[in-house]
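Open the structure in your viewer and follow the stops below in order. Each stop says what to select and what is found there.

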Amino acid sequence: MMNSTDNELLTRIEPGTPMGAMLREYWVPACRSSRLEADGAPEKVRLFGENFVAFRATDGRVGFMQEACPHRCVSLALARNEDNGLRCLFHGWKFSVEGKCVDAPTEPRAQRARFAESVPVRSHPVHEAGGLVWVYMGAQDSPPRFPDYEFTLLPDSHVQPYRGVIRTNWLQGLEALLDSAHVTFLHSANLMSERGRNYFKDESDYMLGDGAPVFEFDERPYGFREGAIREEGETRLYARVREVVLPFFSFIPSAPRGPRIVCCSIPIDDVTTAQWYIAYDTDAPLSPDLFGAFGMWSGDPDHFNSDMGGPEDLWKQDRQAMAEGHWSGITGRGNAYEDFAVQESMGPIVDRSREYLGTCDRVIYRARKQLLEAVKRHRDTGELSFAGPDIDYPSIRAVSYPYPRDTDWRDVDPYDLREAAE
Ligand code: FES
Ligand SMILES: [Fe+2]
C-alpha cells in the first residue's frame, strides 16, 4: 500500500516537481526521426507538460526548442524552416539549430545583432539513433552519456519505433510494461490466435500454461532483471527474463534470435503518456511494416492506437465476442490495445492507496520502491540513480530460454544453451 504523498511524489512530473526534475536528467525519445525533413514542417512535441518544436535544418541537423516564439509567443510550428533556422511568421525573428536568436529584423539595424544575441531562447540537446530523435531536458550544462542500447546502434532497416498515446500518468504506463502476471489473462485470446502464435511463437504456450510463475530478481545498476520461471517438463524450467532499465524502459523477453521489442513510458504531461514500442532485430532487417502485418495498429506510427476508443465507449469492448470465448472483448487489435484499455480505466492518476497487492505484484512493488528511493535521493542530494559510466547498455537484451532444473537462470547463457541443443 502506498500513501498519497508518495503517490504524488512518484507521479507528478510537470515543471517544479521532484520527479519531473529527476526524469528530465535522462535522454528520452521525442519523435521519430523520419517525421523531420530538411527545411520541412516543424514537429510539435509535448514532453513533461511543456511544448516544444523539433525541426530539421537545411544541413540535416535537428533543433529542439520551445514552441512559443521568444518574442510574443506565436507557435513556431507555423514557422518558416529555411536557411538553417526557423523564422517566426509574425515578425520574422529567426532561431538557429543551436537555439540562438540569429536575426530580429523588426529591430533598428544598428542594434539588431546585439538585440538578437540578448533574446533568451530555451532549447535542448538532441541525439538521433534507433530511428528516433532523443532529447536531454535536464539541468546539467552538458548532457549525460547517451544510453547506447543495441537498438540505437542498428541501421534504420533493423528498427521500427511506434508510438502509442495513453490518457494516463507515466507510472501507470510503466507499471503495465513491467507486469508479467497479466499476460496469461488479459492477452489470452491474442496468445491463442494465429496472430499471437505467429508473433510469440513457442512463448505463448508457456504463458498460457502457467498463470502463476515464480518471479525472481537480479539487481543491476540500471534497475533489475526479472525472471518469470515456469515448469517445462520434468528436467527443465523456462525463464522469461525481462530487463528493467529504470526509470523508463522495459525490454520484453523473446527467443534468443529474431525480432524483439523494447517499450518505454515517456511523460507527455501528468495525465498523458507516450508508450513507445520499438521493434528491432540485430541480425536481419525487419519486414517493412511489422505492426501492420499483425493487424496491431491504426496505421499511424506516431499514434498507433488512435482508433482504440476510450472510457466513453469502454474501449469498444465487444460483449458478444466475450460470450463466444474472447477473454477481454477488446478484439480489433493486438495486446497493446488491451493494455491501454486497462491502464486508462484506472483513471488519469490512479490512487495507489486504494490498492491491495499480491505476490504477483512483486515487480511493481520493487519498481516503485526503487523509483521512490531514487527521486528522494535526487531531490535531496542531486545524485542520479540508474546511470553511471559502468553500465554496458549495448549488452542489455531480454531473452526467454529453457534451462536445466538444477541450475540458476542467472548463471545460464541462453545462447550457449540453445546452440548446444541444436
Ligand atoms: S512573435 Fe515571433 S517574431 Fe514576433
Ligand atoms: Fe500487456
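## The iron site

The site of the iron ion (ligand 2) is irregular, with angles of 57 to 152° among its 4 donor atoms. This is a predicted model, and the values given on this tour are to be read accordingly.

Select the iron ion (ligand 2) together with His 182, His 187 and Asp 339. The ion is coordinated by NE2 of His 182, NE2 of His 187 and, twice, an OD atom of Asp 339, at 2.0 to 2.5 Å. Along the sequence, the spacing of the donor residues reads H-x4-H-x151-D. His 182 and Asp 339 link distant parts of the chain, 157 residues apart. His 182 is in the loop between helix 4 (170–178) and helix 5 (183–186), while Asp 339 belongs to helix 11 (residues 335–345).

Are these two donors buried or exposed? His 182 has a relative accessible area of 19% and is therefore buried, the cut-off being under 20%. Asp 339, at 11%, is buried as well.

## Helix 11

Stay with Asp 339 and extend the selection to the whole of helix 11 (residues 335–345). Of the 11 residues of this helix, 9 are buried, so helix 11 is largely enclosed by the rest of the structure. The buried residues include Asn 335, Tyr 337, Glu 338, Phe 340, Gln 343 and Glu 344, along with Asp 339 itself. Ala 336 and Ala 341 are also among them.

Next, move just past the end of helix 11 and select Gly 347, where phi is positive, at about 100°.

## Glu 175 in helix 4

Go back to helix 4 and pick Glu 175. Its relative accessible area is 10%, which means that Glu 175 is buried. Which residues does Glu 175 touch, leaving aside those up to four places away in sequence? They are Arg 352, Ile 364 and Arg 368. Keep Arg 368 selected for the last stop, since it appears there again.

## Helix 1 against helix 12

Select helix 1 (residues 4–11) and helix 12 (residues 362–381). Their axes come within 10 Å and cross at roughly 75°. At that angle, helix 1 is roughly perpendicular to helix 12.

Now show the side chains at the contact. From helix 1, select Asp 6, Leu 9 and Leu 10. In helix 12 they meet Arg 368, Leu 371, Leu 372, Val 375, Lys 376 and Arg 379. Coloured by class, this contact has 5 nonpolar and 4 charged residues, and no polar ones.

Terms used
Residues are numbered from 1 along each chain as its sequence is written. Chains are lettered from A and ligands numbered from 1 in the order in which they are written. This is a predicted model: local features need pLDDT of at least 70, side-chain atom pairs count only at pLDDT 80 or more; totals for chains, interfaces and linings use all residues. Side-chain values use heavy atoms; hydrogens and water are left out. Axes are lines fitted to C-alpha atoms, for helices over the stretch in contact, and angles run from 0 to 180 degrees between N-to-C directions. Helices (H or I, at least four residues) and strands (E, at least two) are DSSP runs, numbered from the N terminus. Angles under 35 degrees count as roughly parallel, over 145 as roughly antiparallel, 65 to 115 as roughly perpendicular and the rest as oblique. Contact means heavy atoms within 4.5 Å. Ala, Val, Leu, Ile, Met, Phe, Trp, Tyr, Cys and Pro count as nonpolar, Asp, Glu, Lys and Arg as charged, and the others, Gly among them, as polar. Donors are N, O and S atoms within 2.8 Å of the metal (3.2 Å for Na, K and Ca); water is not among the atoms, so sites may look incomplete. Four donors count as tetrahedral if all angles lie between 85 and 135 degrees; four count as square planar and six as octahedral if opposite donors are over 155 degrees apart and all others between 65 and 115; anything else is irregular. Buried means under 20% relative accessible area, exposed over 50%, partly exposed in between (1.4 Å probe, protein chains only).
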